[in-house]
Each structure stands twice: as structure tokens, then as C-alpha cells.
Amino acid sequence: MAEAKLDLIPVPTRILTEKDDIVDSIERYTKGKIGPDDLLCTAESVVAITQGRFVRPEDLKITRVAQFCCRFIPDYGSLASPHGMQSLMDVEGKWRVAFALFAGFLGKLGEQTALIDDVTGTMPPFDKCIVYGPKDPNEVVKKIQQRLGCFGAMIADVNDLKRSRVVGVTDKVDGQMAAKLLIDNPFGNASQKTPICIIKNYRQYQESQK
């Protein structure tokens with residue numbers, strides 16, 4: 001089977017907030033742009049923001065345990081700041097996080113460990129907030145696929161450091177294959193306001209790789 005011609009199309013939006021429904025917003029901004037063979041991808045931070053899953057640093061009560069534990073996180077990590085570490089502890093439990101860190105399996109603690117975006121990690125005005133990972137991502141992508149009638153939908157955590165990982169994905173989509181296509185980060189969560197990306201002809205491409 002000949003390899004399909006792929007086209008990654010960033011979709012501009014206004015700034016989405018906790019007052020927006022992510023499925024309604026994606027439907028509105030992709031109208032007339034998406035077809036039955038396409039894959040709809042959206043940035044995990046935007047999904048989380050529309051779910052109200054963010055906190056302002058000034059609203060966190062920083063514990064001494066968080067201040068101590070964050071010293072052992074590499075500087076480039078979201079958990080390297082007391083605020084980032086405290087936000088994880090508020091979700092997963094203070095002592096559970098501390099034990100996981102020093103036992104060497106912090107990365108296996110839960111998805112929030114990898115998905116928390118510390119301040120400056122996402123779009124303005126939420127660049128002043130700590131953003132958690134989205135809730136029920138696999139249910140969200142199912143709703144997106146059903147609403148749009150596309151081949152599939154995916155929530156991805158992608159950054160400019162060539163990291164691309166699947167947060168939620170619909171059935172029949174090879175998430176790892178799709179994540180590789182997003183490695184150059186077509187999402188623009190800052191001034192670009194393009195938190196949505198359509199991968200045109202993804203179904204044919206995936207089938208051609210088998």
C-alpha cells in the first residue's frame with residue numbers, strides 16, 4: 001500500500017479557559033477542516049485548563065517536605081520548584097511522594113508526576129499557574145471522535161525538547177506512531193494560540209505502515 005501524504009495542520013483558537021467545554025471548542029474551531037480519515041490532536045494542558053485543573057502558586061501552602069524534596073529534582077523538571085512539588089503532593093499525598101522519590105520510583109507514582117506543568121509551562125494567562133494533567137483523558141478523546149466523526153482523537157503532551165507522549169487516545173489509533181509525528185511540536189500554546197492539530201490522512205498513513 002502506498003504511503004499516504006500527511007499534512008499537520010495547527011488550528012488557531014482564542015485562549016480557552018475553565019469556562020469552555022473542550023469538545024464544543026474543538027468542534028467549533030475545526031468545522032470544515034476535518035474529515036473521516038483524520039486524527040484530531042490536542043495539547044494536554046489545554047484540556048486540563050478547560051477542566052479547571054490548575055492552581056495559582058500563591059494559593060498553595062508550601063510545606064517543608066516539598067521544599068526539601070524539590071532539591072532532588074533536575075532543574076529542567078516541573079517538580080524542581082517548591083510550588084511544582086507541592087502541587088503533586090496535594091494530589092498524590094505528601095508522604096507518598098516523598099517515599100516514592102527516595103525509593104527511586106517517583107516516575108511510576110502516577111500520571112500527574114509527568115503531566116504537571118509548573119509556572120511558565122503553558123499559555124498566558126495560565127503561564128502564571130501550575131497546570132495538572134487532564135482528568136479522564138480517554139473519555140475525553142472518545143467524545144471528541146464521536147462529535148467530529150473523524151478516524152481518531154488524541155491528547156498529547158509535547159514540548160520543544162523533542163518529547164512527545166500519549167495522554168489519551170481512541171481505539172484503533174497507534175498512539176506511539178502518532179506521537180512521533182508530533183515530535184516537532186506543532187502545538188502553539190502561547191501567543192500562537194494553536195493548541196489543536198489535525199493530522200490529515202492519518203488512517204491511510206497508519207495502514208500503510210503495517
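Let's start with the largest nonpolar core in this predicted model. It holds 37 residues, and those that touch the most other members are Ile 22, Leu 39, Leu 40, Ile 144, Leu 182, Phe 187 and Tyr 202. Several elements each give two or more residues to this core: helix 1 (22-30), strand 2 (39-43), helix 2 (44-50), helix 7 (137-148), strand 5 (152-158), helix 8 (175-181), strand 7 (196-200) and helix 9 (202-208). The largest share comes from strand 5, with 5 residues. As a bit of background, nonpolar side chains in soluble globular proteins tend to be buried together.

Let's pick one of those well-connected residues, Ile 22. What is Ile 22 in contact with, once we leave aside its neighbours within four places in sequence? The list is Leu 16, Val 46, Val 47, Thr 50 and Val 140.

Now, please turn the model a little. Apart from the core we just toured, there is another one, made of 19 residues, and Ala 66, Leu 79, Ala 100 and Leu 106 are among them.

Ala 66 gives us a handy link to Gln 86, since these two are in contact. Leaving out neighbours within four places in sequence, Gln 86 also contacts Lys 61, Ile 62 and Thr 63. You'll find Gln 86 in helix 4, which spans residues 82-92. Is Gln 86 buried or exposed? Its relative accessibility is 3%, so Gln 86 counts as buried.

While we're at helix 4, have a look at its partner, helix 5, residues 94-103. The two axes come within 7 Å and cross at roughly 115 degrees. On the helix 4 side, the residues that meet helix 5 are Met 85, Leu 88, Met 89 and Glu 92. Across from them, helix 5 brings Lys 94, Arg 96 and Val 97. Sorted by type, this contact has 4 nonpolar residues, 3 charged ones and no polar ones.

Last stop, the cysteines. How many disulfides does the structure hold? The count is 0. Take Cys 70: its nearest cysteine sulfur belongs to Cys 69 and sits 8.0 Å away. Cys 70 is buried, because its relative accessible area is 6%, and the cut-off for buried is under 20%.

Then there is Cys 197. Why is Cys 197 not bonded to Cys 41, which has the closest cysteine sulfur? The two sulfurs are 5.8 Å apart, and that is too far for a bond, because a disulfide needs sulfur atoms within 2.5 Å. Cys 197 is buried too, with a relative accessible area of 0%.

Terms used:
Residues numbered from 1 in each chain as written. Predicted model: local features only at pLDDT ≥ 70, side-chain atom pairs only at ≥ 80, totals over all residues. Heavy atoms only, no water. Helix = DSSP H or I, 4+ residues; strand = E, 2+ residues; numbered from the N terminus. Buried < 20%, exposed > 50% of the residue type's maximum accessible area, 1.4 Å probe, protein only. Contact = heavy atoms within 4.5 Å. Core = buried A, V, L, I, M, F, W, Y, C linked by side-chain atoms within 4.5 Å. Axes fitted to C-alpha atoms, helices over the stretch in contact; angles between N-to-C directions. Nonpolar A, V, L, I, M, F, W, Y, C, P; charged D, E, K, R; others polar.
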